[in-house]
Amino acid sequence: MAGVSLKCGDCGALLKSVEEAQEHAELTSHSNFAESTEAVLNLVCGACGKPCRSQTETDLHKKRTGHTEFVDKTLETAKPISLEVPKVAAESADAPDVTTSDQTEEMIVPEVNKELLQELEVMGFPTARATRALHFSGNASVEAAVNWVVEHEDDPEIDQMPLVPVNTKAEAPKPSLTPEEMKLKAQELKERARKKKEEEEKRMEREREKERIRVGKELLEAKRIEEENERKRLMALRKAEKEEERRAREKIRQKLEEDKAERRRKLGLPPEEPSTAKPSTPVIEEKKFSLPVRPATKAEQMRECLRSLKQNHKEDDAKVKRAFQTLLTYIGNVAKNPNEEKFRKIRVTNPSFQERVGALKGGVEFLEICGFEKMEGGEFLFLPRDKVDMAVLNSAGSELDSAIKNPFFGIL
């Protein structure tokens, strides 16, 4: 049986015609071809009609489009390979069927300037591409052919040999360049292409630099706004703390005045003359400092939790301070060793934990704000590794340190 395809002995590729074998040889420099009885596949997609020449192309088309139905038309298109070179001239002494010649006009490869074609081949252009460029540029010059190739290099049929009706006459070739002029012209064209490429690269680099500068400015502006908002928030928090301390000092001073008056009454001394007594500052009605309307932050929740803990156990300052120090130890251990599970897992039923933190209202709640979660029916408090937030732990440490050192913390 005659072969229906050509197989490349170097890479194993199946080619369905001599022309394809020639193109394959030009692209890969392979030259070992043999006839094969294995036909090139012709699998046509039933959804969009795209032909696929191999199972690999079929799998790729399935993956890209999701189409799964293909019709195998390999046997319909399989034809024996002819290794004879096709004749350029279609004229023959034998008179063909007049009816057939009238219906189908025979096509041939157009004649082009052989010297110009040779010059283009020396410059590295394939024969089919050079022939097409000379034909469509009118066989004018090497430069015109090269310009045509540059303008049409994305055409799908650029590497196919052009065909014209047999009766079409090619234009008379014009004088070609001398070898020296051809070399100079080729060098000039290469230099022009190189300069054009460099200019395009410079333009793209300028565009990329402008984009980097714009993005950098936007990031700096966003960072500045964020820092400004954080500064205003901290100022508001400090102002609130100072106001709280002032109210606490005023309440203590009034308490001392009342105790002093009570002692004078018990000793039988007359009340202190209002004129000699220091004018007392009117009691300021306790009000919450108004902050900008926004959701409470983690730091604010922690501070409120610690203040509530101290208010609920204000009769025992030592127990409250010990609870604060124990919580600070737990938080510090996790911050220093975030990968150690033993520091991120606390047994709630542990007597020591119960005595120091668990028995105090607000102790477990503070750990939950820091990220600890109850597990195994509430027997353990556990902080998952992926939920360890160093910023939250640092805020917790700062709030605990402030609560321990500030003598007025939680008085009001």
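**Exercise 1. Place H67 and state its exposure.**

Task: Is H67 buried, partly exposed or exposed, and where does it lie?

Solution. H67 has a relative accessible area of 24%. Buried means under 20% relative accessible area, exposed over 50%, and partly exposed in between, with a 1.4 Å probe and protein chains only. H67 is therefore partly exposed. Next, its place: the loop between α2 (55–65) and β6 (70–72). Helices (H or I, at least four residues) and strands (E, at least two) are DSSP runs, numbered from the N terminus. Now the contacts, meaning heavy atoms within 4.5 Å. Leaving out residues up to four places away in sequence, H67 touches C45, A47, C48, H61 and K62. Last, a distance: the C-alpha atoms of H67 and G46 are separated by 8.0 Å, and the two residues are 21 residues apart along the chain.

The model is predicted: local features need pLDDT of at least 70, side-chain atom pairs count only at pLDDT 80 or more, and totals for chains, interfaces and linings use all residues. Residues are numbered from 1 along each chain as its sequence is written, and side-chain values use heavy atoms, with hydrogens and water left out.

**Exercise 2. Treat G12 likewise.**

Task: Where is G12, and how far is its C-alpha atom from that of F33?

Solution. G12 sits in the loop between β1 (5–8) and β2 (14–15). Its relative accessibility is 35%, so G12 counts as partly exposed. G12 and F33 are 21 residues apart along the chain, with their C-alpha atoms separated by 9.3 Å.

**Exercise 3. Check the length of α10, then find its buried side.**

Task: What span should helix α10 have, and which of its residues are buried?

Solution. The expected span is 1.5 Å times one less than the number of residues. Helix α10 (residues 317–336) has 20 residues, so it should span 28 Å. Its end C-alpha atoms are 28 Å apart, which agrees. The buried residues of α10 are V320, A323, F324, T326, L327, I331 and V334. They cover an arc of only 165 degrees around the axis, which puts them on the same side of α10. The arc is that of the directions from the helix axis to the C-beta atoms. On the other side of α10, D317, A318 and K336 are exposed. Partners of the buried residues of α10 are α9 (298–312), α11 (351–358), α12 (363–369) and α13 (390–405).

**Exercise 4. Classify two packings of α10.**

Task: At what angles does α10 pack against α11 and cross α13?

Solution. Axes are lines fitted to C-alpha atoms, for helices over the stretch in contact, and angles run from 0 to 180 degrees between N-to-C directions. Angles under 35 degrees count as roughly parallel, over 145 as roughly antiparallel, 65 to 115 as roughly perpendicular and the rest as oblique.

- With α11, the angle is about 120 degrees and the axes are 9 Å apart. That makes α10 oblique to α11. R322, A323, T326, L327 and Y330 in α10 meet F353, E355, R356 and V357 in α11.
- With α13, the axes come within 9 Å and cross at roughly 155 degrees. That makes α10 roughly antiparallel to α13. The crossing of α10 and α13 is left-handed; left-handed means that the near helix is turned anticlockwise from the far one by less than a right angle, right-handed clockwise. Among the α10 residues that meet α13 are F324, L328 and I331. Their partners in α13 include L393, G397 and L400.

**Exercise 5. Analyse α5.**

Task: Which residues of α5 are buried, and at what angle do α5 and α7 pack?

Solution. In α5, L116, L117, E119 and L120 are buried. Seen down the axis of α5, these fall within an arc of 160 degrees, so they line one face of the helix. K114, Q118 and V122 are exposed on the other side of α5. The buried residues of α5 pack against α6, α7 and α8 (179–266). Helix α5 (residues 114–122) and helix α7 (residues 142–151) pack at about 55 degrees, with axes 10 Å apart. That makes α5 oblique to α7. The crossing is right-handed. L116, E119 and L120 in α5 meet V142, A145 and V146 in α7.

**Exercise 6. Inspect phi at N139 and E376.**

Task: What is phi at N139 and at E376?

Solution. Most residues other than glycine have a negative phi. N139 has a positive phi of about 55 degrees although it is not a glycine. N139 lies in the loop between α6 (127–136) and α7. At 5% relative accessibility, N139 counts as buried. E376, also not a glycine, has a positive phi near 55 degrees. E376 is found in the loop between β10 (373–375) and β11 (380–382).
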